[in-house]
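Trainee: I am new to this structure. Please take me closely through a single part.

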Amino acid sequence: MADKKTNIKTPTAKSGIEIPENTIPENTIPENIIPENIIEPVINKNIPDEKNFPIAGVGASAGGLLAFEAFFSGMPADIDTGIAFILVQHLSPEHKSILPDIIGRYTRMKVFEVTDGIKVMPNCIYIIPPKYDMAFLNGKLHLLNPTDIRGHRLPIDFFFRSLAKDQKERAIAIVLSGTGSDGTLGVRAVKGEGGMVMVQNPESTEYDGMPRNAINTGMVDYVLPPAEMADQLISYVNYSFGKQTKPPVLSVPKAEDYLNKIFILLRAQTGHDFSQYKTNTIYRRIERRMAIHQIKEIGDYVLYLQKIPTEVTALFRDLLIGVTNFFRDPEAFVELERQIIPKLFAAKAVDGIIRVWSPGCSTGEEAYSIAILIAEYQESIKQNYKVQIFATDIDSHAIAIARAGIYPASIATDISADRLQRFFRSESDGTLWSIHKKIREMLVFSEQNMINDPPFSRLDLISCRNLMIYLDGRLQKKIIPMFHYSLNPGGFLFLGTSETTGEFNHLFTTLDRKLKIYQRKDVDIGIPRTSFMPFIFPLISAQAPGAPQLTDGKKGSPIKRPMRELTEEILLQQVVPTAILVNSQGEILYIHGRTGKFLELMPGETTTYNILNMAREGLKYELTIHLHKAVATKEIVCCSDIQVKTNGDFTTVNLTIRPVETDRAHNTKAGSPLHPDLTLYLITMEEMQSGIKRSSQPSGKEDRPLDSDARILSLEQALQIKDEYLQATNEELETSNEELKSSNEEMQSMNEELQSTNEELETSKEELQSLNEELFTVNTELQAKVADLSRANNDMNNLLAGTGIATIFVDHKLCVMRFTPTITNIINLILTDVGRPVAHLVANLVNYETLVADIQTVLNNLIPKEVRVQTKSGVWYQLKIQPYRTLENVIEGAVLTFVKIIEP
């Protein structure tokens, strides 16, 4: 049978790339540097030693006994594999397992039933005992009493997860025949730590539930029949843990060149560009593919990709991150249900539309989770709104699964029983759940590249969780502003626990720092949104930017407009000084009048315009200090006689900063572009007509020297201004450092949580199913035992018949239990006489009437007795009567043997 191999990862696949010394700071890995584990071998031994040998966890359930036999029968009998095997099977707690005896017949390795704290050694097999869960810690196996009720235990998942955490890349998970989905979570854990996963192909199983669920994770490296697993396993171990020849060292630019070639091949075949994904993630995925084909150098792998187009597709699948489940991070979804979902409906009319976007939805679990929360809220308020949830991903295979809306029964671990009954429908045999029609109709699944394709707009909620962590900083800087553009005013952004808005925190209000829930700020009043609309900044416009606002965007003629409006507009343009409306960060929201003498555009690309960055020389310091003062005190701040340098001359300017409280009642109306609690600041800059303009290059004759006291006073004022500016800057820096420190601690905490709980418990079996599996296992073992007993019985019958010695076995009651064919010449016995007392039988013996009494005497004193007897045909026999002893030295009857001593 053909074998199937997919997506291998091994920690020893090397590409020989050299990293310059003293260029990498401690605890940091630059994205353009190859990961360390690609550079130098991990193990340099022919076979793994006793400290670095791989551990293979083998899980099975119903039908697993035959798979175990086939698996170990394929192991070589003449060499040591250097692997420790740990077998975990669903066992009945009421029965003693005979699995160690059965496995021992098919291998020369030592077989142990696990005892608590046993140390694991290579070339040995360890088998879990009944009634326990088993975990791996520091090279030893530990037995624990199960905490889950019977029928909901997942011993294979429990062990695989502990093995992955303890052994990392040395962990190997093997899933054999069985029903249900135990082992699926363990497969994810082992793969996440860099281990290897091998699964029995479903066609060779008696029950294919466990293998199929493991394969469906997309994280299986090899799919093989049990008899073929041994060769592939040994090959993998020798390649990954054996002695490797160090490949030629490549420079970093050369390695990057190979990586770019891989990006080109991927883009040509799949249409997707991975060049802006995080480099370390890309290298890890490439390393896995190199290991499965045992390719040592990245250059050779590039050639392999060029020759084998199917490998490009396989690499593309391996690059896609599809780890998700229903209500992932339950605490975050509880907060979403409690705080955010009600606000989506608060400002909506009954006929309004709730619009949600879930980019990077993978197989749809998270998008369906949001739909369930919205449906529950609609039921609670007894109103039906139209809901549109757009779920997108670049993986067409994942989108197809999401559209079907059919998931394995193991989702019961992540979804409450009540929600399962209300929003899902159990399929035929109870192994699948399909999403309810009313939930499915809320969602629209489509294949979309959120980087290149146009985004959705007018959205109330965007849920993009655990996607941006795989993208580099350049992409993240594009995506966050795009989300801001796509959301309605006051819309919500729901990110993963390891993601933030980064440098764009001015675009969003943080509602929950830990759970990463944000609300869109309305900071773009009067300014087009980022780079999604053409921007013409009105610094050099001859007309006031406010004019189009007064005419509602229509081109009107002054003759047709009211005289009062026309007069007020002329006065605003000619009399009122230049005014700029900003927020507390100094971002420009509206401009009135000409600003060229006070502001100038900064070179380079920009998406926002900040007055503090654009202020000309002489104005920047005062503007920064007094704006901070106005923000802190919420009072009017004035500053006069500011010398602003403009085109080589100095202009005297009076500066006034006035807080502007927005109308809360007006801003809470639907469609208002302002945040209800937003405070703005109106900055007016009035040029002093009588002010003195001084050339930057004074003539010296016309300017009289300043008085020394006045000069000192001027310098002291300048120094005071700079001190205040420095103090304000230091305060901002301290605040930023505190925020960064807090964010760093939160990130570290979240990373630890993610590492310890890489994936939550995904599946749980029903009690009846578990009992059936246990019964099947017990029945299989009993069948093997019955076969052994039958074989032993046949051997004994043939032995007794072959010796020609007449023998009869009796019990304590002197009833016949068994006899040999030869005895019929001495005592008249037929098969139906089994169970009859010896006294009822007719013996062909002469002058011997004490047979029954002699048997009873032997049973009483346990001393064997011998007597010579003669048959009616004149044949003499030596009769020996002795107790029947069991292996436990228990007397259960007597044995009578007649040995012929004289021929007739």
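Mentor: Here is a walk through one sheet and the helix across it. This is a predicted model, where local features need pLDDT of at least 70, side-chain atom pairs count only at pLDDT 80 or more, and totals for chains, interfaces and linings use all residues. Residues are numbered from 1 along each chain as its sequence is written, and side-chain values use heavy atoms, with hydrogens and water left out.

Start with the sheet. Five strands form an open sheet, and their order is 23-22-26-25-24. The pairing is antiparallel. Strands here are DSSP runs of E with at least two residues, and helices are runs of H or I with at least four, numbered from the N terminus. Two strands pair if DSSP finds at least two bridges between them.

Now the edges. Strand 23 (588-592) and strand 24 (637-646) are the edge strands. Each pairs on one side only. On average, neighbouring strands of this sheet are turned by 25° against each other, direction ignored.

Look next at one pair inside the order. Strand 25 (residues 649-661) pairs with strand 26 (residues 679-687) in the antiparallel sense. Nine bridges join them. Val 660 has Leu 680 in strand 26 as its bridge partner.

Finally, the helix. Helix 20 (residues 620-633) lies across strand 22 (578-582), strand 24, strand 25 and strand 26. Contact means heavy atoms within 4.5 Å. Helix 20 runs at about 160° to strand 24. Axes are lines fitted to C-alpha atoms, for helices over the stretch in contact, and angles run from 0 to 180 degrees between N-to-C directions.
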